[in-house]
Amino acid sequence: MAENVLELRNVVTAFDTEGGQLVAVDGVSFSVPAGKTVGIVGESGCGKSVTAMSIVQLLPQPAGTILAGEVNFCGEDLLKADHERLYEVRGGEIGVIFQEPMTALNPVHRIGKQLSESLILHLGLDKKAAWARSIELLEMVGIPSPELRVSDYPHQLSGGMRQRVVIAIALACNPKLVIADEPTTALDVTVQAQILELLSQLQKDQGMSVILITHDLGVIAESCDEVVVMYGGRVVEQASVYDLFANPRHAYTQGLLASIPRLDTPRKSVLKTIPGNVASIDEFVPGCRFCQRMERTGETLTNRADFIEIAPRHWVENCPLCVQEQGGHDE
Amino acid sequence: MMNNEEGDRCLLQLDDLKMHFPLRGGIFLTKSGACKAVDGISLSLKKGETLGIVGESGCGKSTLGKAIVRLYEPTAGKVAINGQDITKMSQRQLRPLRRQFQMMFQDPAESLNPRMSVGEIVAEPLVIQNIGNAQSRREQVLSLLNRVGLSESAVDRFPFEFSGGQRQRIGIARALALKPELIVLDEPVSALDVSVQSQVLNLLLELQEEFGLSYVFIAHDLAVVKHISDRVAVMYLGKIVELADADTIYKNPKHAYTKALIAAIPVPDPAARQQREVLGGDVPSPINPPAGSAFGHRLNHPRYEESIGLDLSLVEIEPGHWVAADPCCLEDEDYQRARQLADSQ
């Protein structure tokens, strides 16, 4: 088994609000093997972005705090690292691709300058060398005529091109790990296909690990090796992508997989649904949050189940009502 | 082009509809060009039918939706609903007819007035149309909320108290209030999570069955569009490039753009992973569209030059299957047949 680039152990992240402290990420553990892509999937509000931003400690300040846990990045606990070390890690050893390519780029600086910034900061290049390297990076992410584009401003580029620039910035310093937070959500399917293709190509070339956050199970199926399914601020299931799609064990994962319309679903047939809505964060029960959504009562709501390895390399939050027998594919 | 013989059963008819936005420049803001968002679209929709419209962002699908319900004043062409031409009507003349067609928008957070209670939002169309009194309106609102799966207590609450899926249900209740025959749905589920998306799609299908509704369903997600539609129109740069029965368009697409769109959908099955052809480039701007085949231009197709000046309008290549007679985008055999049909038109 390949060694892990990143290991999260029981990370708890909370936000201070007027209504008190709300725990958005409630004891999340998973690991990212070297050179692999780990997908984090879940509905909005499940804590997937907060989990990812906890890794690099890019949380809204002062509201967001990491209360407990360990983030082991190549053997170093980033939660114990000081500010200087974090500046080195962010954009250096860990690259981040944000969702919205328009807001991730600074509109008043040329893209060459934005690319050069991290090259100068992390690799110690001088301005001229950084500019030249920026052109190479733009070429690497497939931007046509990069020597002209490097002096463009973000608004002169299309959405897909901007996302390529954001990827170029994330990869500028040959990171060991790239965190991609919904990198294709704002893009059209055809452009999404281009960007995913580019990411997997770059990953192959550079041997980095990727954490890919998405709500799209299609994207997960096509580009991930391992999948982490989150619900209500917790990981409910983790497995290899093949295992997860072939044999989902948690009722939430099963519901999620059953509810997507596919091209081969009979037209106008009734789609399977997960009843109810995700409870809001201040209403979460201490126990199984999927039982809460299903409006069940009883002790599963009060006692949190253990996260166990139910089959080799297949983990699940072992709620007795939500975890199904092997092969149990129905509701 | 697409004449409908059974005109009486045809609910919506578009004839060469154009929606151009003037561009102004220079110090006197003189007209310097036009953004041809919708550029010559002809369609018909039967009662009870769902027509899906797909395409990338910027292809003009939302503009088309708004032009159909006269939220935009079309530049040219005709929109007829139940045989009545609404293109030239004044807003005053149009108002009573608006009962027949409603629109539902993409963003459930932005399309509901945050200062109005859910009851007021759903009742507003009834108030505007002067239907019933306060008492009867409230009863009707309650039954609508019930029908879309919201509890009656929702009536006095405000939009921010609801989740995205619930807000979209409020939007549906509002669109249903006037018992319309046609609803134009602009990306109704794309802002929703998958598990909620399927709830809303099921609801839309149930309502269609129950009230005999017709839908124009605009979306970029082909799997969703295929699921809900009877026929699907694929738009590229303001024009329809292919139109066919929903199953046909996925099983037997003719146009290269349709094929590329289908190939780009990520399949939610890791076992079916495959190396796919990735379509390069972006949607070109509708401000200075290429002279010939717009998609051929994006592909840098060797036959692009040939397409300049050709009539690239839709032809019925197989019964019910319409495709643009475009040398860059069709297989040779299909193109020859399409060309013959186009020339004989």
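Which residues have the most contacts inside the largest nonpolar core? In this predicted model, local features need pLDDT of at least 70 and side-chain atom pairs count only at pLDDT 80 or more, whereas totals for chains, interfaces and linings use all residues. Residues are numbered from 1 along each chain as its sequence is written, and chains are lettered from A and ligands numbered from 1 in the order in which they are written.

The largest nonpolar core (a set of buried Ala, Val, Leu, Ile, Met, Phe, Trp, Tyr and Cys residues joined through C-beta atoms within 7 Å; buried residues have 20 or more other C-beta atoms within 10 Å of their own, the C-beta atoms being placed from the backbone) has 196 residues, and those with the most contacts inside it are A:A168, A:I211, B:V122, B:V216 and B:V234. Helix 7 of chain A, residues 159-171 (helices are DSSP runs of H or I with at least four residues, strands runs of E with at least two, both numbered from the N terminus), gives the most to this core, with eight residues. At least three residues of the core come from each of domain 1 (7-289) and domain 2 (292-345) of chain B, the bounds being taken from an automatic or database domain assignment.

The centres of these two domains of chain B, taken over C-alpha atoms, are separated by 28 Å. Their contact (C-beta atoms, placed from the backbone, within 7 Å) takes 16 residues from domain 1 and 14 residues from domain 2. On the side of domain 1 that touches domain 2, strand 10 of chain B gives the most, with six residues.

How values were computed. A residue is buried if 20 or more other C-beta atoms lie within 10 Å of its own, exposed if 12 or fewer, and partly exposed in between; C-beta atoms are placed from the backbone. Two residues are in contact if their C-beta atoms, placed from the backbone, lie within 7 Å.
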